[in-house]
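The following exercises are to be worked through with the sequence and the coordinates at hand. Each task is followed by a solution in steps.

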Amino acid sequence: MAIREILTVPDPRLKEVSKPVEGGVTDEIRALMDDMLETMYDAPGIGLAAIQVGVPLRVIVMDLAKEGKEPQPRYFVNPEILPLTEDMAPYEEGCLSVPDIFDEVERPTECRVRYLDYDGFKVDEVATGMYAVCIQHEMDHLEGTLFIDHLSRLKRQRAIDKVKKAKRLHARESA
Ligand code: K2U
Ligand code: ZN
C-alpha cells in the first residue's frame with residue numbers, strides 16, 4: 001500500500017469526467033482502492049474519489065466510522081446514484097482537493113446507490129444521513145465537479161484564490 005498525492009485546485013485533472021472500470025474488480029483495482037483508503041486515512045478524510053489521486057476511473061472509497069471506533073472501509077466500483085426524494089438538506093462540506101475551505105451545499109437527503117464492492121459483487125442500497133452527503137460529494141468528483149462549483153461564482157473564485165495563495169506560501173516556506 002502507498003500514500004498518494006492528492007490533487008488540489010486549480011489542477012485541471014480534477015475537472016475530468018472519470019471513465020468506468022472495464023473488466024471487473026481486478027487485483028489492480030483493489031490495489032488502487034487500498035492506496036486510496038490509506039491516502040484518505042492519512043489526509044484525514046472520510047471519502048476519496050480516484051480522480052483526486054490522478055486516476056480518472058469511477059472508483060470511490062469511504063469510511064464513515066466515528067473517531068476512535070472500529071474502521072468501516074467501503075469500496076465503490078462503477079457506482080451509480082439515484083435521488084430518492086425531493087427533500088433537500090444543507091451540509092457544511094469540505095474537500096481534500098480544496099483544502100481548508102468549508103461552505104454549505106444543499107443535496108437530496110436520500111439516494112439509491114448501486115455499485116460493485118471490493119470483491120466485485122453487486123450492491124444496491126439506500127444512502128441516508130452522512131452516507132448520502134458523502135456519496136453525492138464523491139459522485140460529483142467522478143463528473144469533474146467540486147463542491148465549490150455549487151457555490152456562487154464569487155465564492156468559488158475566492159476559494160480557488162485562497163488555496164493558490166496557501167500553496168504559494170507553503171512552497172516559499174519549503175524552499
Ligand atoms: O472528497 C473529498 O475530498 C473527501 C471529503 C468527503 C466529504 C466532503 C463533504 C462532506 C462529507 C464528506 C473529505 O472527507 S473532506 C473532510 C471532511 C471530513 C469530515 C467531514 C466532512 C469533511
Ligand atoms: Zn471532495
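A polar contact is a pair of N or O atoms within 3.5 Å; within protein, one must be able to donate a hydrogen and the other to accept it. The model used here is predicted.

**Exercise 1.** Determine whether Asp103 is buried or exposed, and find the residue whose side chain is joined to that of Asp103 by a polar contact.

*Solution.* Begin with the position: Asp103 belongs to strand E5, which spans residues 103–108. Next, apply the cut-off for buried, under 20% relative accessible area. Asp103 has a relative accessible area of 17%, so Asp103 is buried. Finally, inspect the side chains: a polar contact of 3.1 Å links Asp103 to Lys155. Beyond four places in sequence, the residues that Asp103 touches include Tyr91, Phe147 and Leu151.

**Exercise 2.** Establish how strand E2 is paired and how many of its residues are buried.

*Solution.* First, consider the partners. Strand E1 (residues 47–49) runs antiparallel to E2 and is joined to it by three bridges, with Leu48 opposite Val61. E3 also pairs with E2 in the antiparallel sense, over five bridges, and here Val59 faces Val77. Second, consider the side chains: Val59, Val61 and Asp63 point one way, whereas Ile60 and Met62 point the other way. Third, since five of the five residues of E2 are buried, E2 is largely enclosed by the rest of the structure.

**Exercise 3.** Identify which element gives the most residues to the largest nonpolar core.

*Solution.* This core has 18 residues; Met33, Met36, Leu48, Val61 and Val77 touch the most other members. Helix H1 (27–42), strand E2 (59–63) and strand E3 (73–83) each supply at least two residues. H1 gives the most, with six residues.

Technical notes:
Residues numbered from 1 in each chain as written. Chains lettered and ligands numbered in written order. Predicted model: local features only at pLDDT ≥ 70, side-chain atom pairs only at ≥ 80, totals over all residues. Heavy atoms only, no water. Core = buried A, V, L, I, M, F, W, Y, C linked by side-chain atoms within 4.5 Å. Buried < 20%, exposed > 50% of the residue type's maximum accessible area, 1.4 Å probe, protein only. Helix = DSSP H or I, 4+ residues; strand = E, 2+ residues; numbered from the N terminus. Contact = heavy atoms within 4.5 Å. Pairing = 2+ DSSP bridges.
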